[in-house]
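Reader: Hello! I am new to this structure and would love a close look at a single part of it, the largest pocket, together with whatever helps me find my way around it.

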Amino acid sequence: MGKRYFCDYCDRSFQDNLHNRKKHLNGVQHLRAKRLWYDSFRDAAAILQEEQTKKPCRKFLQTGQCDFGSNCRFSHMTEQDLEKLSAQVQGEKRLKELQREGADIPPGTIEDWLDKRAQRLSAAQSNSALPEKPVPFQYPPGWPPVQELPPSLQAPPPGGWPVPPNLQWG
């Protein structure tokens, strides 16, 4: 059968020889998969800049799908998508500026985020000046479920496992 070449981009393998490898590496499917892989690591600012220069795709706006998919030369982003991307880019710029200025930004904990979110939501729902204190998260009763381990995975009882009479030395 011989050696096989596995392409990580395409998630497929084929017989490894010069002709097959060259044909695969220059193929449309491989080039698309490779581009998608590298695009997943692109900077949000670069994506925003590229999407703002493109005209909107008429077919995508009318039907919600486009025959060209990710290869379309027109933009498939809506105004809301562009606004979200722009806000993300602005947030990243502010964070970089704060780091450049030497401001010490402690990493937030999930509890801090939940507290701030609860305060914002309660302030938005009620017009009262004092936001209510959020209730701390608690697991429901019986959670996490207790599972019995199979005998082969259980720890031995104090004093060790009992030895059956037919296996005892004696």
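Author: Happy to help; what follows starts with the whole chain, goes to the pocket, and then visits some other residues.

A word on the model before we begin. This is a predicted model, in which local features need pLDDT of at least 70 and side-chain atom pairs count only at pLDDT 80 or more, while totals for chains, interfaces and linings use all residues. Residues are numbered from 1 along each chain as its sequence is written, and side-chain values use heavy atoms, with hydrogens and water left out.

Let us start with the overall plan. The protein chain has 6 helices and 2 strands; helices (H or I, at least four residues) and strands (E, at least two) are DSSP runs, numbered from the N terminus. Read from the N terminus, the order of the elements is β-β-α-α-α-α-α-α. Of the 170 residues in the protein chain, 11% are buried. Here buried means under 20% relative accessible area, exposed means over 50%, and partly exposed lies in between, using a 1.4 Å probe and protein chains only. A contact means heavy atoms within 4.5 Å. Among contacts in the protein chain between residues at least 6 apart in sequence, 27% join residues at least 24 apart.

Now to the part you asked about. The largest pocket has a volume of about 320 Å³. On a 1 Å grid over the protein atoms alone, a pocket is an open set of points where a 1.4 Å probe fits, with protein on both sides within 12 Å along at least five of seven lines, and lining residues have an atom within 4 Å of a point. Grid points are joined across faces, edges and corners, and the volume is the space filled by probe spheres set on the points. There are 15 lining residues, and the closest to the centre of the largest pocket are Asp 39, Arg 42, Glu 51, Lys 54 and Ser 70. Helix H2 (28-39) and helix H3 (44-53) each give at least two residues to this lining. By type, the lining divides into 5 nonpolar, 4 polar and 6 charged residues. In that count Ala, Val, Leu, Ile, Met, Phe, Trp, Tyr, Cys and Pro are nonpolar, Asp, Glu, Lys and Arg are charged, and the others, Gly among them, are polar.

Glu 51 deserves a second glance. Glu 51 sits in helix H3, and it counts as buried because its relative accessible area is 13%. Leaving out residues up to four places away in sequence, Glu 51 touches Ser 75, His 76, Met 77 and Leu 82.

Next come the aromatic rings. The whole structure contains 3 aromatic pairs. Rings of Phe, Tyr and Trp (its six-membered ring) pair if their centres lie within 6.5 Å; planes under 30 degrees apart count as stacked, over 60 as edge-to-face and the rest as tilted. Tyr 9 and Tyr 38 form a tilted pair, because their ring centres are 6.1 Å apart and their planes meet at 45°. This pair links distant parts of the chain, with Tyr 9 in the loop between S1 and S2 and Tyr 38 in helix H2, 29 residues apart. Tyr 9 is partly exposed at 30% relative accessible area, and Tyr 38 is partly exposed at 46%. Trp 37 and Phe 41 make an edge-to-face pair, 5.1 Å centre to centre with 75° between the planes. Trp 37 is partly exposed at 46%, whereas Phe 41 is exposed at 57%.

Asp 11 lies in the loop between strand S1 (4-7) and strand S2 (12-15). Asp 11 has a positive phi of about 60° although it is not a glycine, and at 59% relative accessibility it is exposed. By contrast, His 24 in helix H1 (residues 18-25) is buried, at 9%. Among the residues that His 24 touches are Cys 7, Cys 10 and His 30.

Finally, the cysteines. The structure has 0 disulfides, a disulfide being a pair of cysteine sulfur atoms within 2.5 Å. For Cys 57, the closest cysteine sulfur is that of Cys 66 at 3.9 Å, so it is too far for a bond. For Cys 66, the closest is in Cys 72 at 3.8 Å, again too far for a bond. Cys 57 is buried at 4% relative accessibility, and Cys 66 is buried at 16%.
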